[in-house]
Amino acid sequence: MVVQNGLSSLEELLLSLADSSEDILVKAETIIRALLDFSKKQPEFIKLYCRLTTTENSDVIAGFSQRIEAMSASVYTVAISNAQRTGDVRDDIN
């Protein structure tokens, strides 16, 4: 499905950025810029996603929303864990 392919591409991009060795602030900026760039290059995907998420909340649409939320959480978890290992973020923050 088109949305699943778009989500997979976005997830792959974000996880590769989150796992980079950059300082956490540089990494955050890189992720934000990548999201903006993805949105500019994939406007149809963004429009489709917005339409799907603003319609009745079917099981399929709820699944997409959950996948995006899980993807975001994974990206942030990887980025923060790496930053804790390098000392950019205190290790007592979850």
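Student: Is Arg 33 buried or exposed in this model?
Tutor: This is a predicted model, where local features need pLDDT of at least 70, side-chain atom pairs count only at pLDDT 80 or more, and totals for chains, interfaces and linings use all residues. Residues are numbered from 1 along each chain as its sequence is written, and side-chain values use heavy atoms, with hydrogens and water left out. Buried means under 20% relative accessible area, exposed over 50%, and partly exposed in between (1.4 Å probe, protein chains only). Arg 33 has a relative accessible area of 54%, so Arg 33 is exposed.

Student: Which residue forms a salt bridge with Arg 33?
Tutor: A salt bridge puts a side-chain nitrogen of Lys or Arg within 4 Å of a carboxyl oxygen of Asp or Glu. Here the closest N and O atoms are 2.8 Å apart. The partner is partly exposed, with a relative accessible area of 40%. That partner is Glu 29.

Student: How are Arg 33 and Glu 29 separated in helix α2?
Tutor: Helices are DSSP runs (H or I, at least four residues), numbered from the N terminus. Arg 33 and Glu 29 are four residues apart in helix α2, so their separation is about one helical turn.

Student: Which residue meets Asp 37 in a salt bridge?
Tutor: Asp 37 is partly exposed, at 35% relative accessibility. Its partner also lies in helix α2, four residues away, about one turn of the helix. The N to O distance is 3.2 Å. The partner counts as exposed at 59% relative accessibility: Lys 41.

Student: How many salt bridges does the count come to?
Tutor: Another pair is Asp 92 and Arg 90, at 2.9 Å from N to O. Both Asp 92 and Arg 90 are exposed. By the rule used here, the count comes to three.

Student: Which element gives the largest share of the largest nonpolar core?
Tutor: A nonpolar core is a set of buried Ala, Val, Leu, Ile, Met, Phe, Trp, Tyr and Cys residues joined through side-chain atoms within 4.5 Å. Of the 17 residues in the largest one, Leu 7, Leu 14, Ile 31 and Met 71 touch the most other members. Two or more residues come from each of α1 (2-18), α2 (24-41) and α4. The largest share, six residues, comes from α4.

Student: Is Asn 82 buried or exposed?
Tutor: Asn 82 lies in helix α4 (residues 59-86). Contact means heavy atoms within 4.5 Å. Leaving out residues up to four places away in sequence, Asn 82 touches Ala 18, Asp 19, Ser 20 and Lys 27. Its relative accessible area is 9%, so Asn 82 is buried.
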